[in-house]
Amino acid sequence: KALAIAELTPLSFELEAQALARAVTPSGDTSTSMVIDFGATRTGISIIHKGIVLFTSTIDVGGNGVTSAISRALSISFEEAEKMKQLVGLSEREQNREAFGAMVGTLSALRDEINRSYTYWHTEKNDEGNDRPRIESIVLSGGNANLPGLTEYLASSLRMPVATANPWVNITDFSEYIPAITKKEALAYATAIGLALKDVEYE
């Protein structure tokens, strides 16, 4: 109804997770990975096999929750806490014990949900009654995936390879073209990049 009122004609609909997968999964990759879209107010969890989304889940844990936890623990403003989160993150535990404890308190909920999805995927059979392909790695995306020390924290907690996504992997190898925004900034636009790549697929 909203589209009709706006006099717009939709040409296709797509899962946000599938657009994201198209951006961060190398073309032709046949492995199975878990993609974590760590946003400001929520986190999307999806499992990708051969570039196709087979499982999705969304949880109400986001970067703003981490910032609020720092703000409460240190009695500082939200803005100050955000700056501390971006600059220090989980990387300087000894120098920032209170902030580290506040962040881990929130991020442990994220870790537990990731682990729950991982366990479900490997214990439930597929529709044919067969075992599902094993998840080989975890890929972090979203604007809050840049939190210093997050990949190391999750890798250590989950005992799995964890890496930050490269939203440009199917666009450029940087040998002839350098995007106008940094890789860190691009993480917040990975879904939009994936939507644009769909257009390229059909050309």
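A strand, in the naming used here, is a DSSP run labelled E of at least two residues, and strands are numbered from the N terminus. With that in hand, we can start inside the fold: Ile47 lies in strand E2, which covers residues 43-49. Keep in mind as we go that this is a predicted model.

Let's stay with Ile47 for a moment. Is this residue buried or exposed? Its relative accessible area is 0%, and because the cut-off for buried is under 20%, Ile47 counts as buried. What surrounds it, once neighbours within four places in sequence are set aside? Ile47 touches Thr32, Ser33 and Met34, then Ile52, Val53, Leu54 and Phe55, and also Ser117, Trp121 and Ile135. Another distance is handy when you orient the view: the C-alpha atom of Ile47 is separated by 9.1 Å from that of Ala17, a residue 30 positions away along the chain.

Ala17 takes us to helix H2, residues 16-24, which is mostly covered, with eight of its nine residues buried. Those buried residues are Ala17, Gln18, Ala19, Leu20, Ala21, Arg22, Ala23 and Val24. Some residues from this part of the chain turn up again in the surroundings of Thr191, which is found in helix H8 (residues 190-202). Beyond its neighbours within four places in sequence, Thr191 is in contact with Glu16, Ala19, Leu20 and Asp37. Thr191 has a relative accessibility of 18%, so it too counts as buried.

Now let's step back to the whole chain. It holds eight helices and five strands, and reading from the N terminus their order is α-α-β-β-β-α-α-α-β-α-β-α-α. Along the principal axes, the C-alpha atoms fill a box of roughly 50 × 45 × 45 Å. How does the radius of gyration fit with that of a compact globule? For 203 residues such a globule would have a value near 17 Å, and the chain has 18 Å, which agrees. Of the 203 residues, 41% count as buried. Among contacts with a separation of 6 or more, 56% join residues 24 or more positions apart.

Finally, consider how some of the helices pack. Two packed helices are described by the angle between their axes and the distance between the axes. Helix H3 (residues 63-74) makes a good example, starting with helix H4 (residues 78-87): their axes come within 8 Å and cross at roughly 110°. That angle makes H3 roughly perpendicular to H4, and the crossing is right-handed. On the H3 side, the residues that meet H4 are Gly63, Asn64, Val66, Thr67, Ser68, Ile70, Ser71 and Leu74, while H4 brings Phe78, Ala81, Glu82, Met84 and Lys85. By class, the residues of this contact divide into six nonpolar, five polar and two charged.

H3 also packs against helix H5 (residues 97-123), at an angle of about 140° and with the axes 8 Å apart. This crossing is right-handed as well. Here H3 contributes Gly65, Val66, Ala69, Ile70, Ala73 and Leu74, and H5 contributes Glu98, Ala99, Ala102, Met103, Thr106 and Leu107. The contact of H3 with H5 has nine nonpolar residues, two polar and one charged. An α-helix has 3.6 residues a turn, so residues three or four places apart point the same way. You can look for that spacing in the H3 residues that face H5, with Val66, Ala69, Ile70 and Ala73 among them.

How values were computed:
Residues are numbered from 1 along each chain as its sequence is written. This is a predicted model: local features need pLDDT of at least 70, side-chain atom pairs count only at pLDDT 80 or more; totals for chains, interfaces and linings use all residues. Side-chain values use heavy atoms; hydrogens and water are left out. Axes are lines fitted to C-alpha atoms, for helices over the stretch in contact, and angles run from 0 to 180 degrees between N-to-C directions. Helices (H or I, at least four residues) and strands (E, at least two) are DSSP runs, numbered from the N terminus. Angles under 35 degrees count as roughly parallel, over 145 as roughly antiparallel, 65 to 115 as roughly perpendicular and the rest as oblique. A crossing is left-handed if the near helix is turned anticlockwise from the far one by less than a right angle, and right-handed if clockwise. Contact means heavy atoms within 4.5 Å. Ala, Val, Leu, Ile, Met, Phe, Trp, Tyr, Cys and Pro count as nonpolar, Asp, Glu, Lys and Arg as charged, and the others, Gly among them, as polar. The radius of gyration is taken over C-alpha atoms; the globule rule is 2.2 Å times the number of residues to the power 0.38. Buried means under 20% relative accessible area, exposed over 50%, partly exposed in between (1.4 Å probe, protein chains only).
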